[in-house]
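This report covers the nonpolar cores, the cysteines, one histidine and the pockets of the structure shown here.

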Amino acid sequence: MDHERREQILNAANEHFRHYGYKKTTVADLAKAIGLSTAYIYKFFDSKRAIGEEICRQCHERVMTDIKDVVRSSKPASERLRLIFLTLARDGIDLLFNDRKMHDIVLAALEEGWSTATDFDSELLLHVRSVIADGRETGEFERKTPLEEACRGVVLALQPIRHPVLLEFNHNTLVEDASLLAGLVLRSLSA
């Protein structure tokens, strides 16, 4: 029963956040929408931020699923790394234009230092590390640069593509920019 109530709260939050925005939705709004008291919602979530973090985590999971598909593919490491850049760009544009309120929640997560934002960054770094390590094993990528330095550098190069504010600012050229950045990174990693 508790699991069903939690899901009911998250569904209401998802709907309200997407319609009204995270900042304009209150816990009282969510409680009213599903016929519960505000106090009862706090039995499941400590705060509106905790609800927002869970909604943001679900959004990040969808993006990370696309990244995992790229990383697990049988393509050469250089192609997988290029596709990480392009996948993040396409998913970011899709969120910006087709789910603007969710885009705003992701921005709130970054601005307010939510754990979902740092968890996303950590998982992205793991996937980048996996691809670079594969590329080093096959001889596609150089081995002189310490692995951690190379991986963190690639994640930093992804910043203009994955940060909501930069993404919004550069949306007209984002896919092209992602391709250019990927090419630059790949040339720097080549053996």
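## Nonpolar cores

A nonpolar core is a set of buried Ala, Val, Leu, Ile, Met, Phe, Trp, Tyr and Cys residues joined through side-chain atoms within 4.5 Å. The model is predicted. Its largest nonpolar core has 36 residues, and those that touch the most other members are Leu 81, Ile 84, Phe 85, Leu 88, Val 154 and Leu 158. At least two residues of this core come from each of helix H4 (48-72), helix H5 (77-98), helix H7 (115-138), helix H8 (147-157) and helix H11 (174-189). H5 gives the largest share, ten residues.

Beyond its neighbours within four places in sequence, Ile 84 contacts Ile 67, Val 70, Val 71, Leu 124, Val 131 and Leu 158. A second core, separate from this one, holds 26 residues, including Ile 34, Cys 59, Ile 105 and Ala 117.

## Cysteines

Zero disulfides are found in a search of the whole structure. For Cys 56, the nearest cysteine sulfur is that of Cys 59, 6.1 Å away. Cys 59 is likewise in no disulfide, with the sulfur of Cys 56 as its nearest. A disulfide requires cysteine sulfur atoms within 2.5 Å.

Both residues fall in the buried class: Cys 56 has a relative accessible area of 0%, and Cys 59 has a relative accessibility of 2%.

## His 16

His 16 lies in helix H1, which spans residues 2-20. The relative accessible area of His 16 is 14%, so this residue counts as buried. Leaving out residues up to four places away in sequence, His 16 touches Gly 21, Thr 25, Asp 29, Leu 30 and Ala 33.

## Pockets

The volume of the largest pocket is about 310 Å³. It is lined by 20 residues, of which His 60, Val 106, Phe 120, Arg 162 and Pro 164 are the closest to its centre. H4, H5, helix H6 (100-111), H7, helix H9 (159-162) and helix H10 (164-169) each contribute at least two lining residues. By class, this lining has twelve nonpolar, five polar and three charged residues.

The second largest pocket contains about 170 Å³ of space. Its lining consists of Arg 18, Cys 59, Arg 62, Val 63, Asp 66, Asp 91, Asp 94, Leu 95 and Asp 99. Two or more of these residues come from H4 and from H5, and H4 supplies the largest share, four residues. Six residues of this lining are charged, three are nonpolar and none is polar. Cys 59 thus appears both in this lining and in the second nonpolar core.

Conventions
Residues numbered from 1 in each chain as written. Predicted model: local features only at pLDDT ≥ 70, side-chain atom pairs only at ≥ 80, totals over all residues. Heavy atoms only, no water. Buried < 20%, exposed > 50% of the residue type's maximum accessible area, 1.4 Å probe, protein only. Contact = heavy atoms within 4.5 Å. 1 Å grid on protein atoms, 1.4 Å probe; cavity = no way out; pocket = protein on both sides within 12 Å on 5 of 7 lines; lining within 4 Å. Points joined across faces, edges and corners; volume = space filled by probe spheres on them. Nonpolar A, V, L, I, M, F, W, Y, C, P; charged D, E, K, R; others polar.
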